[in-house]
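Good morning. Today I shall speak about the interior of one protein, its packing and its empty space. Please look at the sequence and the structure.

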Amino acid sequence: MAKRLGREVGVVGLGCWQLGSDWGQVDESDALAVLHGAVDTGVTFLDTADVYGDGRSETLVGRFLRERGDAQLTVATKMGRRLDQVPENYTRENFRAWNDRSRANLGVDTLDLVQLHCPPTAVYSRDEVYDALDELVADKRIAAYGVSVERVDEALTAIARPGVASVQIILNALRQKPLEQVLPAAAEAGVAIIARVPLASGLLSGRYTAATTFGADDHRTYNRHGEAFDVGETFAGVPFEVGLEAVERLRALVPAEATMAQFALRWIVDLPQVTVVIPGARNAEQARGNASAADLAPLGEQVHAAVREVYDELVRPHVHDRW
């Protein structure tokens, strides 16, 4: 357990972006089936945000919490992207308004964890931002706060703040830069690491080919060059064709008893500084398959060295210096 988070969570959680928007339509019964399937397989950490489907994801998670009643779950949400992305909008008043809305959507008095949602870089250095977050904790509106970041330097700035409980960062076999500084710094400070985009928007599931197409309402169609938000959120910022080539190289490393997706998740689980990894899922079967990655045997040093080699040769030139 990362001590600043103050709670134990299972190492494979569930990302709930796709229950709200940007991944094609997921209907309500499917969304609830995903949540039940994940938690039935041992997931205890759910990650959502107030902008996923303009509150739809939070509302569905809230309904799920009422249905389960007894599950010992940690629900993380995010705030900050309901207004223009300028530092001036990250104010105490806005935080309180966003917080009220998320608490209503989720149906709780105190949010377990609230993360700033990839704000402008300047926000991470503002004392008044952390003062306002500390106030939310003091008022028992939130139990803890963290940040979701795009860049390594943003993560390191946040980790240096004593009240930051968690850092959420893109981390997968195709995005390895956080291993250099962020993971060691977080471990030393007792800050939780939440690994997002662990399957590189599905690339690391091994199911895609050069002929694969995605719907018009799927960010894997409309954000390939960062048209809507940071391009790192789509295929982890790796050009699609490069990603496909890397996946073919990695496929040979997958243990016989694992799927490609489980292998990609196990690679992250093997990193001792990672608190929780948050793959998404579009159906209950995917959710259960992802959760069971935690039960696989560690991959071993030789496999990790081979994954590093693929990254260094194919992927590093495209991503390493950008984030």
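Which residues have the most contacts inside the largest nonpolar core? They are Leu46, Phe95 and Val167, in a core of 99 residues. A nonpolar core here is a set of buried Ala, Val, Leu, Ile, Met, Phe, Trp, Tyr and Cys residues joined through side-chain atoms within 4.5 Å, where buried means under 20% relative accessible area with a 1.4 Å probe, protein chains only. Helix α9, residues 260-269, gives the largest share of this core, eight residues; helices are DSSP runs of H or I, at least four residues, and strands are runs of E, at least two, numbered from the N terminus.

A word on the source. This is a predicted model, in which local features need pLDDT of at least 70, side-chain atom pairs count only at pLDDT 80 or more, and totals for chains, interfaces and linings use all residues. Residues are numbered from 1 along each chain as its sequence is written, and side-chain values use heavy atoms, with hydrogens and water left out.

Let us return to Phe95. Leaving aside residues up to four places away in sequence, Phe95 touches Met79, Tyr90, Leu116, Val129, Ala132, Leu133 and Leu136, a contact being heavy atoms within 4.5 Å.

Now to the lining of the second largest cavity. Met79 appears here again, together with Thr77, Lys78, Trp98, Asn99, Ser102, Leu111 and Val114. A cavity is a set of points on a 1 Å grid over the protein atoms alone where a 1.4 Å probe fits but cannot get out, and lining residues have an atom within 4 Å of a point. Strand β3 (74-79) and helix α3 (92-106) each give two or more residues to this lining.

Note on methods. Buried means under 20% relative accessible area, exposed over 50%, partly exposed in between (1.4 Å probe, protein chains only). On a 1 Å grid over the protein atoms alone, a cavity is a set of points where a 1.4 Å probe fits but cannot get out, and a pocket is an open set with protein on both sides within 12 Å along at least five of seven lines; lining residues have an atom within 4 Å of a point.
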